[in-house]
2 protein chains.
Amino acid sequence: MTGIRRLAQHLDISIGTVSRALNGRPDVNEETRRKVLEAAAELGYVPNQSGRSLRQGTTNIIGFMMQTGTEITGQGDTFFMSVFDGVQTVFARHHLDLVALLCSSEEDPDDYLRRVVARGFADGLILSATQRHDPRFEFLAKRKIPFVTLGRSLTDVGQPWLDLDFEGMAQTSIDRLVAKGHRRIAVTRPHDDINLGHLFVDQSAKALAEHGLTLDPDLVFSSKPNEAGGYHVAQQLLAMRNRPTAILLVNETIAIGFYRGLSEAGLKPGRDIAIIGRQSPQSHFLSPSLTGFTLSRRDLGIALAEALLATMPAFSHFYPDAELRKVWPEDLVEGESDAFSLPA
Amino acid sequence: MTGIRRLAQHLDISIGTVSRALNGRPDVNEETRRKVLEAAAELGYVPNQSGRSLRQGTTNIIGFMMQTGTEITGQGDTFFMSVFDGVQTVFARHHLDLVALLCSSEEDPDDYLRRVVARGFADGLILSATQRHDPRFEFLAKRKIPFVTLGRSLTDVGQPWLDLDFEGMAQTSIDRLVAKGHRRIAVTRPHDDINLGHLFVDQSAKALAEHGLTLDPDLVFSSKPNEAGGYHVAQQLLAMRNRPTAILLVNETIAIGFYRGLSEAGLKPGRDIAIIGRQSPQSHFLSPSLTGFTLSRRDLGIALAEALLATMPAFSHFYPDAELRKVWPEDLVEGESDAFSLPA
DNA sequence: TCGGCCGCCGTAAACGTTTACGGAACTATG
DNA sequence: CATAGTTCCGTAAACGTTTACGGCGGCCGA
């Protein structure tokens, strides 16, 4: 005699009642519910998840899919860990188990997702590293699996998304640099088809146009989002005969490599070139200090979780007015790296 | 009609035979097995994991428990991501699904593990961030859940473990620095009761003793394993009136903060103080270059996975001679940071 | 020819839940 | 007092697998 049956026998009531009591169904006497809860605690009973899943067709698991390997996600810093932390706190309230699904950099993300879904692994998913055209969206939509994405995409199946404000960062940065007299401004972007690259570069071009300037294609540097990528960008930039006087670094990690590349050539951020990037725990230890954008990663995670729950029928009533699509605002922290300005 | 039943009906054979065919049981005609597999592929049948779990009492999931928050794991670099990648490749061969269980820094790891286990989440676990005395070991052993740890502990329940060679690193470093004439050598250790700290510090003291030196308690710095921790260590060190001439940094991430702290005071690694640390993708962008230890994180992950599988009855025959307990060797990469030497 | 063995397959029970359904006891209402 | 409604509970089916068991036919050896 095991599980719920044992508990029922111990209380000398039926398993049906026990189940109803535990699941908070209304049609059970509050007195018996109390007894059941008490006995459950005493005997250390916890419902078997397999039995539950089989019956309900639900797993109680939410998966957060990320890519391992700094090549894609730029996890040289702890960006995703912080976001995950925020997501976790929300799901814990609903007794949902959050797990990280780390797709190896050697495996195709689409294949990986297919495996996860085929297995019926999760009730809902959070996707990151969204591509400009992302097949995963349609795949999930077709199977009616609730999901939310960290990042926009041209593919749109109506799912909720949250995203960083790449356009805002581009606009603010360009305005700021142009005001300091810069005319040749470089921009970095991820090396692959990840969507944020397009958003960032396109908006940079647009902002420049507003000032009557154009974005020189030679000044758009593709780089892997890690330290090595930043170092490589510096080398390319230094090799040019008509160097830019300022640069926008799209992600958190490359600044470190970029600084290193500059200093090897005897150049100093903020004196010889203006830099605007993104803040991270690591970037605080750069010198001269980095001018860059920042946001609350944890709050972003919380919003992600709420957006997902809002689309899941069983939980949506908890979040009647969750923000389903939002560009997350960023603050600019002023440092020394963009102090360099040109005479008017 | 769904699942295996549908498949059986389509082939006009019994579900028992279908199941046996799919699971590679010997008592099924090879010809019918072929047909079953063919039909399964055609109809896109994949077995329902809940049904399977319920019947077999097994989940097909392996969990890799890590802590989020740089405070504990020092994930300012991608150490765990790389290890995870290695683990993943092994489990993929056995159709086991590996997920990352990220315990929030705000939650007690013991509680977290209890939840995971109570839920019957995984068939096996990989634990990291092992404490000097780690209650998780006994907890898992009592429930007979196969697990392996990345890191030793004084708690020993006979499980396999792999670990970095902290003693070797301490010994090599001390020998090397003493040979360069250093007498006052500082050491860092994590701020909490994580076991590696004890191993590292104790062995450092022992190695010093072999040279007739002692480890000054004032020269043992506890620090959070992140950039901020390293920065803080530098500040403490600089405030001393009798400064050490050399220092051992126990983990990958703190070097960056430590460098920053030094440079703010006008000191230069390798010129004013000798530093030996650990290599990481980030540390390559330090200047002067860091003398430090390195290892293949991916291979370590592979070994971890094999050790775990070797203790799981269903898989042990695949790995008859897996290394169950091993201190993983590290290579010393010589840089400029320990160039500083003292007259004899 | 017959008994035994072997290869292959079908039947049905079991895993631990949840929940639709119906019924018993009780209460309220006229 | 009869009826309707309400509250609570027990029964049993269902979720999709795996696997013990038994049976049927064919083959082999005596």
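**A predicted protein–DNA model**

Visitor: Which oxygen of DNA strand C does a polar side-chain atom of A:Ser19 lie 2.6 Å from?

Guide: In this predicted model, a polar side-chain atom of A:Ser19 lies 2.6 Å from a phosphate oxygen of DNA strand C. Residues are numbered from 1 along each chain as its sequence is written, chains are lettered from A and ligands numbered from 1 in written order, and side-chain values use heavy atoms, without hydrogens and water. Because the model is predicted, local features need pLDDT of at least 70 and side-chain atom pairs pLDDT 80 or more, while totals for chains, interfaces and linings use all residues.

Visitor: And how far is A:Arg52 from a phosphate oxygen of that strand?

Guide: A polar side-chain atom of A:Arg52 lies 2.8 Å from a phosphate oxygen of DNA strand C, and for A:Ile4 a backbone N or O atom lies 2.7 Å from one.

Visitor: OK, how many residues surround DNA strand C?

Guide: There are 29 residues around DNA strand C, counting a residue as near if one of its heavy atoms lies within 4 Å. Sugar and phosphate make up 61% of the strand's atoms that come within 4 Å of the protein.

Visitor: Switching topic, how many salt bridges are there between chain A and chain B?

Guide: The count is 4 salt bridges, each being a side-chain nitrogen of Lys or Arg within 4 Å of a carboxyl oxygen of Asp or Glu. One of them joins the side chains of A:Asp97 and B:Arg119, at 1.8 Å from N to O.

Visitor: How many residues does each chain bring to the contact?

Guide: Chain A brings 47 residues and chain B brings 48 residues, where contact means heavy atoms within 4.5 Å.

How values were computed
A polar contact is a pair of N or O atoms within 3.5 Å; within protein, one must be able to donate a hydrogen and the other to accept it, and residues adjacent in sequence count only if both atoms are side-chain atoms.
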